[in-house]
Amino acid sequence: MCSSDLESKTEPVIFESGFGPSGRPHIGTFAEVARTIMVQNAFRELRPGVATRLYAFCDDMDGLRKVPLNLPNPEMLRENLGRPLSRIPDPFGTDPYYSDHMERELQEFLARFGFEFELKSSTLEYAAGVFNPGLKKVLEHYDEVRAVVVPTLGEENRERWSPFIPICEKCGRLYTTVVTGVNPAAATIAYECSGAHGEGKNRVEGCGHRGETSVFDGRVKVGWKVDWALRWFTYDVRYEMYGKDLIDSARLSGKITRILGGTPPAGMVYELFLDESGKKISKSVGEGLTVDSWMTYAPIESLLYYLYQNPKKQRRLY
């Protein structure tokens, strides 16, 4: 964004940080928000007359792919594999739904450190129609979006790939549904729940239902790379950082954002936090050092200083 654009801009400049509420917030969650706020503060110093806003976006419409190791009631969760996180009961029994619990933990977690942000729920945004204009654009440019993503997929997934993932009206699952037809004029897609997802204990099968549904108002969600582009386009996001493992996803999302008529945000690639075996820490698996664990031994300022230094250097934390 050039200086003249900034000086004439009347709406706040949007910074975004994504949170997948499939597991409890950990030090990586804290790091992404903290580092984004560092950049936001620097921007405010450089452009004191330009308002800014930070969105912490929770993709609570994402389906539960595996049962995290550190959560109670694993059997109940296993029965709900493939369903949106916002439609699964809270395994702790303290909140209505799984994602409600994780989002409350996130808000309490970040509020402890005085972080200013606005929580955005994927479920609520889809249901309220916030993404409808962008979804209409995806329909209008369906073949162009496919042309960007399909070459990056394995041969077995190319023919049936669609930017839209319907939520089965019978079993309520994602990922087991396969798009069989698209009607841009009516803004609907036809699908059948005939696929399968996951392996071993995390495998779920489709229920066989066939149907047709609108792409608006939360009846479907879009896949990860398209979802990122949809947010960038809808909110006019101007800055978002991401881990090294998402470089290719960010490039594809940027291309899709341009197809929709938007401009991809500026950003920064950071290195990952690793566990004791050298693998990326994961909320969905239930791993990762907590901020509370760090604060048992050192103050929060030491963690912020640690995060400020060398964000492009891998760290082992366990």
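## Two residues with positive phi

Asparagine 310 is partly exposed, as its relative accessible area is 47%. In this predicted model, asparagine 310 sits in the loop that runs between helix 12 (300-308) and strand 15 (315-316). Its phi is positive, at about 45 degrees, although asparagine 310 is not a glycine. Most residues other than glycine have a negative phi.

Aspartate 236 also has a positive phi, near 55 degrees, and is likewise a residue other than glycine. The loop that holds aspartate 236 lies between helix 9 and strand 11 (237-239). With a relative accessible area of 28%, aspartate 236 is partly exposed.

## Overall form of the chain

The chain contains 12 helices and 15 strands. Its radius of gyration is 20 Å, close to the 20 Å that the globule rule gives for 318 residues, so the chain is as compact as a globular protein of that length. The C-alpha trace spans about 55 × 50 × 35 Å along its principal axes.

Of the contacts in the chain with a separation of 6 or more, 66% are between residues 24 or more positions apart. Buried residues account for 50% of the 318 residues.

## Surface and charge

About 15200 Å² of the chain is exposed, and carbon and sulfur atoms supply 49% of that area. The chain carries 40 positive and 43 negative charges, and the mean positions of these two sets are 4 Å apart.

## The nonpolar cores

The largest nonpolar core is made up of 40 residues, and Phe164 and Ile256 are those with the most contacts inside it. Several elements each supply at least two residues of this core: strand 2 (52-58), strand 4 (164-166) and strand 10 (220-222), together with helix 6 (132-140), helix 7 (142-149), helix 9 (224-235) and helix 10 (247-260). Helix 9 gives the largest share, six residues. A second core, separate from this one, has 29 residues, including Phe19, Ile27, Phe115 and Leu317.

Phenylalanine 164 merits a closer look. Apart from neighbours within four places in sequence, phenylalanine 164 is in contact with Leu135, Val138, Leu139 and Tyr142, with Val179 and Ile189, and with Val215, Val220, Lys221 and Val222.

## Histidine 101

Histidine 101 belongs to helix 4 (residues 98-111). Its relative accessibility is 4%, and histidine 101 therefore counts as buried, the cut-off for that term being under 20%. When residues up to four places away in sequence are left out, histidine 101 touches Asp90, Phe92, Thr94 and Asp95.

Valine 138 is one of the residues in contact with phenylalanine 164. Histidine 101 and valine 138 are 37 residues apart in sequence, and their C-alpha atoms are 32 Å apart in space.

## Threonine 10

Threonine 10 is placed in the loop between helix 1 (3-8) and strand 1 (13-19). Its relative accessibility is 72%, so threonine 10 counts as exposed, a term that applies over 50%. Threonine 10 and alanine 51 are separated by 41 residues in sequence, while the distance from C-alpha to C-alpha is 8.1 Å.

Note on methods
Residues numbered from 1 in each chain as written. Predicted model: local features only at pLDDT ≥ 70, side-chain atom pairs only at ≥ 80, totals over all residues. Heavy atoms only, no water. Core = buried A, V, L, I, M, F, W, Y, C linked by side-chain atoms within 4.5 Å. Buried < 20%, exposed > 50% of the residue type's maximum accessible area, 1.4 Å probe, protein only. Helix = DSSP H or I, 4+ residues; strand = E, 2+ residues; numbered from the N terminus. Contact = heavy atoms within 4.5 Å. Rg over C-alpha atoms; globule rule 2.2 N^0.38 Å. Areas by Shrake-Rupley, 256 points an atom, 1.4 Å probe, with all protein chains shown as cover. Lys, Arg positive; Asp, Glu negative; His and termini not counted. Charge placed at Lys NZ, Arg CZ, Asp CG, Glu CD.
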